Amino acid sequence: MKLLSTLVGWVFPDFNYSWLVREFEDTVILELDFLQEARNAKRLAMMFSHRTDVYVPEIVDDLSTERLLVMDFVRGYKPTDTEGLISAGLPRDKVAKTISTVFGDMIHVHGFVHCDPHAGNLLVRHKANTSSWWSQFSTGVGMICVPALAITGAFHAAAVAAVISGTFALYNQNKDPLYELVVLDHGMYRRLEPNFRRLYCQLWESLLLRDHNLGRRTGTFIYLFCQYLPHRNIESCS
């Protein structure tokens, strides 16, 4: 791979990607360490613990080693499985928005980026039923039993707490998305330096707003790099 990249750089001087080989060498070592992958998974789960539409399979620490990783088994549909998503009644537009916001937050907010986000590493599933017994108690038979308990004198503080907790749990459950985006394969991540992350955010802001002054303030290299990839000048309107 190193020889090939050197030859390509020699034949096409404008496309010298020898730096990419060094990057790959450093990354592949970490990717082969499953304990490192477990740490990455736990960090991602913590990052999105406030969201109810994102799920990272839990790691079984007692059974995991550097060469073996044990985690939850999760079933779901690939985001590209249009027929499967439709048949399961999963909202494709909302799933697409979730994927976009999750990876956008990784890059622009956390600076901890999953580097292999193809369809095989993402699943979409109906949200697991996490409602507790008191949320069930607050509906159906539970609602019928409460007056009877009150009449017989068996109604006490614990029952009140159960009904109130269950009612709020049911209310929040109805507000939550009915699906979860499951993120898999946490072996390859890129950690962005805070200063680079800030400049990168400003770069995209300058591009979206066509603010050339802001783009230039993000730094000559990162600004020119954005122009170099599409081989177009920033003034281009087409």
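A cavity is a set of grid points where a 1.4 Å probe fits but cannot get out, and its lining residues have an atom within 4 Å of a point. That term is needed for the enclosed space described below.

**Overall picture**

This is a predicted model. The protein has eleven helices and five strands. It runs to 238 residues, and 30% of them count as buried. The accessible surface comes to about 15,700 Å². Carbon and sulfur atoms supply 63% of that surface. Take the contacts in the protein with a separation of 6 or more: residues 24 or more positions apart account for 69% of them.

**The cavity**

Rolling a probe the size of a water molecule over the atoms shows where empty space is left. Here the structure holds one cavity of 30 Å³ or more. The space in the largest cavity is about 40 Å³. Which residues line the largest cavity? They are T27, L30, Q36, N40, G187, M188, Y189 and R191. Three elements each give two or more residues to this lining: helix 2 (18-31), helix 3 and strand 5 (189-191).

**Helix 3**

Helix 3 covers residues 34-47, which makes 14 residues. From first C-alpha to last, helix 3 reaches 20 Å. That is close to the 20 Å expected at 1.5 Å a residue. At the start of helix 3, D33 makes a contact through its side chain: one of its oxygens comes to within 3.1 Å of the backbone nitrogen of L35. The buried residues of helix 3 are Q36, E37, A38, N40, A41, L44 and M47. Two names recur here: Q36 and N40 are buried residues of helix 3, and both line the largest cavity.

**Two residues with positive phi**

Most residues other than glycine have a negative phi. D185 departs from this, with a positive phi of about 55°. R210 is not a glycine either, and its phi is positive, near 55°. Where do D185 and R210 sit? Each is found in a loop, as the table shows.

| Residue | Phi | Loop between | Relative accessible area |
|---|---|---|---|
| D185 | about 55° | strand 4 (179-183) and strand 5 | 25% |
| R210 | near 55° | helix 9 (194-209) and helix 10 (212-217) | 44% |

Are these residues buried, partly exposed or exposed? Buried means under 20% relative accessible area and exposed means over 50%. D185 stands at 25%, so it counts as partly exposed. R210 has 44%, so it is partly exposed too.

Notes: Residues numbered from 1 in each chain as written. Predicted model: local features only at pLDDT ≥ 70, side-chain atom pairs only at ≥ 80, totals over all residues. Heavy atoms only, no water. Helix = DSSP H or I, 4+ residues; strand = E, 2+ residues; numbered from the N terminus. Buried < 20%, exposed > 50% of the residue type's maximum accessible area, 1.4 Å probe, protein only. Contact = heavy atoms within 4.5 Å. Areas by Shrake-Rupley, 256 points an atom, 1.4 Å probe, with all protein chains shown as cover. Expected span 1.5 Å × (residues − 1). Polar contact = N/O pair within 3.5 Å; in protein donor to acceptor, adjacent residues only side chain to side chain. 1 Å grid on protein atoms, 1.4 Å probe; cavity = no way out; pocket = protein on both sides within 12 Å on 5 of 7 lines; lining within 4 Å. Points joined across faces, edges and corners; volume = space filled by probe spheres on them.
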